[in-house]
Amino acid sequence: MYKDLLPINWSDFHFLRPQFLWLLLPVVVLMVISLLSMQQELKWKRIIAPHLRPYVISKGSNAVKVFMHLVLLLAFASGILGLSGPTWKKIEVPGQKLETPMVVLLDISQSMMADDIQPNRLERAKFKIKDLIKYNPRARMALVGFAGTAHTIVPLTKDYEIINSHIEGLKPSTMPFPGSDLEAALILGDSLTKVTKAPGTIVVFSDDFREKERGVLSNFAKNSKNKIVILPMSTPGGSEIPSARGKGFIKGKDGKTVRSSLDATLMASLNEIEGITVQQLTLDDSDVELIAKNISKNLEFTEKNEEKDNDWRDVGLLFIIPMAVLLLLWFRKGWVLYSLTFLLLVSCNDDASNFSDLWYTKDYQGQRLSNKGDFKEAADMYKDPLRKGVAYFKAGDYEAAINSFSKDTTAMGAYNLGLSYFKNGDYAAAELAFNIAVEKDPSLEAAKVNRQKLMQVLPEEDQLSVENAQESKDEKNSKNTQNKSPEDLSGGGQEASKEDMKKERQEETVNSNIHKGKELDEVPDDIKASIPQDDSKILMRKVDDDPTLFLQRKFKYQVKKYNIKPKSNEEVW
């Protein structure tokens, strides 16, 4: 605590609480009065005859008395100086530590169906996202799909299995409008990261990079706190874009077949922009492994408060040591109690936590701070995880509250964990925590009510609600296998021969148990009494076996509700 105090920099020497220096005046006055009283005492002693003084007056040295009064003066002065908070050294106040988020932007436009990357660009992008999850970047991850418009598929969550289950059914027909509006996706991804002040990482899986996109990415990188990582899902050789109808290829306005390819020069220029990294696509998973490691490495962000960037170190406690030594020299009957009282009074400076530990437990000290409204300090003081979590929650530090409540295995701890997840923007995890709370204590009505409210809010927050879903068991899953053949990805992995490129397209096995709900224009009569009367939409009624249809209707609902319109100059692919 008191390292590097010497030598003293007298130009920086000052008192943190200089108002207490005024106490030196009454101490000096008392010392002067005491010395004057000693002079008066000497006067009346002279009245006694010299030969009788040894028998009438007890022995003692007046010089020693004066010396002891001076010692007491120095002791009081030392204590007052300590109370005034002398300082000459600055210390850095550590900033708040935050966790950096990440958002995956997945292009679901028709051009992603081109097969220059096997089995096609979109399926390969899905494989890459799964590999990214496999390497566990440890950050909260969100998934955004974009074509003519951008939509949140999964908000920020640490439950990567939710993202894994949602990407299976994504295809161009899922999106309400054709096109590839990267700017809308970046804006939406940036808004998702605003739940925290920490800068995040936006990972873009797309194949459409032209001069327009270069300008959009450059402007975004200049004005956003977030970093951009681009994984281009195309090759320099390119490919024709298949028609959405399944026959032939898309033709441009000039009647020629549209060919989509990667501009290596443009990608190199993007990589030179500060805040943008272009990750070269490889056949293996080394590309996403590097992305995951970089995100995990920079997971923790320390926020510095400029107003409290530096503070002065209070060394007043050191002045109590000479005060205590001087008081021992002045040890006399009747004065020990007064000396101890004064010692306790002047030793109460800003760093009195060690003294409080002698009398109060940490939890009691934390409760006292909490009663005063100092929730952050109270949370640092508490030992009980439940009390600590509540204090962090009231202080607005929801990440720390989540860490504390996670250590509480009771139903109330799970309930509080759900509230913290909700405040932190992780709605899927909040729902799971409320479910755990109800399982542990079915009588916990607050958890049931909040879970039900969360289920009603989820569609508004782009969440998938399956409260009334019923699983379909008869539908056959598409049986495909992941491509293992080599191919040319321009700079990474192996080179494929023409024979390899002509091989039959192969796809990864797609197994999904996601369910989709039907949108209702009116609330069914049997549940009208359980929800607010002003609710005009409810997304879940029955289940179909195809998650793509659910996402289609979900996005159409968002387009209708928020009046989302695509840009008129967007290409249909």
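User: Which residues are buried in helix 6 (residues 182–192)?

Analyst: In this predicted model, the buried residues of helix 6 are L182, A185, L186, L188, G189, D190 and L192. Buried here stands for a relative accessible area under 20%.

User: What covers the buried residues of helix 6?

Analyst: The cover includes five strands and a helix, named here one by one: strand 5 (102–107), strand 6 (141–146), strand 7 (150–157), strand 8 (201–206), strand 9 (227–232) and helix 7 (211–223).

User: Why is T193 called buried?

Analyst: Its relative accessible area is 0%, and the label needs a value under 20%. T193 therefore counts as buried. This residue sits in the loop between helix 6 and strand 8. Leaving out residues up to four places away in sequence, T193 touches P101, V103, K225 and N226.

User: What makes strand 6 largely enclosed by the rest of the structure?

Analyst: Six of its six residues are buried, so strand 6 is largely enclosed by the rest of the structure. Both directions are covered: M141, L143 and G145 point one way, A142, V144 and F146 point the other way, and all are buried. The general pattern is that side chains in a regular strand alternate between the two faces of the sheet.

User: How do you know that strand 5 and strand 6 pair?

Analyst: Pairing requires at least two bridges between the strands. Six bridges join strand 5 to strand 6, and the two run parallel. The requirement is met, so they count as paired. As one example, L106 has G145 of strand 6 as its bridge partner.

User: In which sense do strand 6 and strand 7 pair, parallel or antiparallel?

Analyst: They pair in the antiparallel sense, over five bridges. V144 has T152 in strand 7 as its bridge partner. A hairpin of three residues joins strand 6 to strand 7. Strand 7 is also largely enclosed by the rest of the structure, because eight of its eight residues are buried.

User: Which residues touch the most other members of the largest nonpolar core?

Analyst: L106, L143 and F205 do, in a core of 38 residues. Helix 4 (residues 121–134) gives the largest share of this core, five residues. Setting aside neighbours within four places in sequence, L106 is in contact with L122, A125, I129, L143, V144, G145, F146, L170 and F205. There is also a second, separate core of 28 residues, and its members include A185, V204, A221 and M267. In soluble globular proteins, nonpolar side chains tend to be buried together.

User: Why does I276 count as buried?

Analyst: I276 has 3% relative accessibility, and the cut-off is under 20%, so the residue is buried. I276 lies in strand 12 (residues 276–278). Not counting residues up to four places away in sequence, I276 touches L217, S218, A221, I228, I230, L270 and N271. I276 and I230 are 46 residues apart along the chain, yet their C-alpha atoms are separated by 7.5 Å.

User: How many aromatic pairs does the structure hold?

Analyst: It holds four. One of them is F13 with F15, an edge-to-face pair with 5.4 Å centre to centre and 85° between the planes. Edge-to-face calls for planes over 60 degrees apart and centres within 6.5 Å, so both values fit the name.

User: Why is the pair of F13 and W88 called stacked?

Analyst: Its planes are 20° apart and its centres 5.9 Å apart. Stacked means planes under 30 degrees apart, so the name applies. F13 lies in the segment before strand 1 (14–15), while W88 is in the loop between strand 2 (86–87) and strand 3 (90–92), so the pair ties together parts that are 75 residues apart in sequence. F13, F15 and W88 form one aromatic cluster.

User: Why is W88 called buried and F13 partly exposed?

Analyst: W88 has 9% relative accessibility, which is under 20%, so W88 is buried. F13 has a relative accessible area of 26%, and F15 has 22% relative accessibility. Partly exposed covers values between the 20% and 50% limits, so F13 and F15 count as partly exposed.

User: What makes K561 count as lying over the face of Y562?

Analyst: K561 is at 5.9 Å from the ring centre of Y562. The distance limit is within 6 Å, so that part of the test is met.

Notes. Residues are numbered from 1 along each chain as its sequence is written. This is a predicted model: local features need pLDDT of at least 70, side-chain atom pairs count only at pLDDT 80 or more; totals for chains, interfaces and linings use all residues. Side-chain values use heavy atoms; hydrogens and water are left out. Rings of Phe, Tyr and Trp (its six-membered ring) pair if their centres lie within 6.5 Å; planes under 30 degrees apart count as stacked, over 60 as edge-to-face and the rest as tilted. Buried means under 20% relative accessible area, exposed over 50%, partly exposed in between (1.4 Å probe, protein chains only). Helices (H or I, at least four residues) and strands (E, at least two) are DSSP runs, numbered from the N terminus. A charge sits over a ring if NZ of Lys or CZ of Arg is within 6 Å of the ring centre and within 35 degrees of the ring normal. Contact means heavy atoms within 4.5 Å. A nonpolar core is a set of buried Ala, Val, Leu, Ile, Met, Phe, Trp, Tyr and Cys residues joined through side-chain atoms within 4.5 Å.
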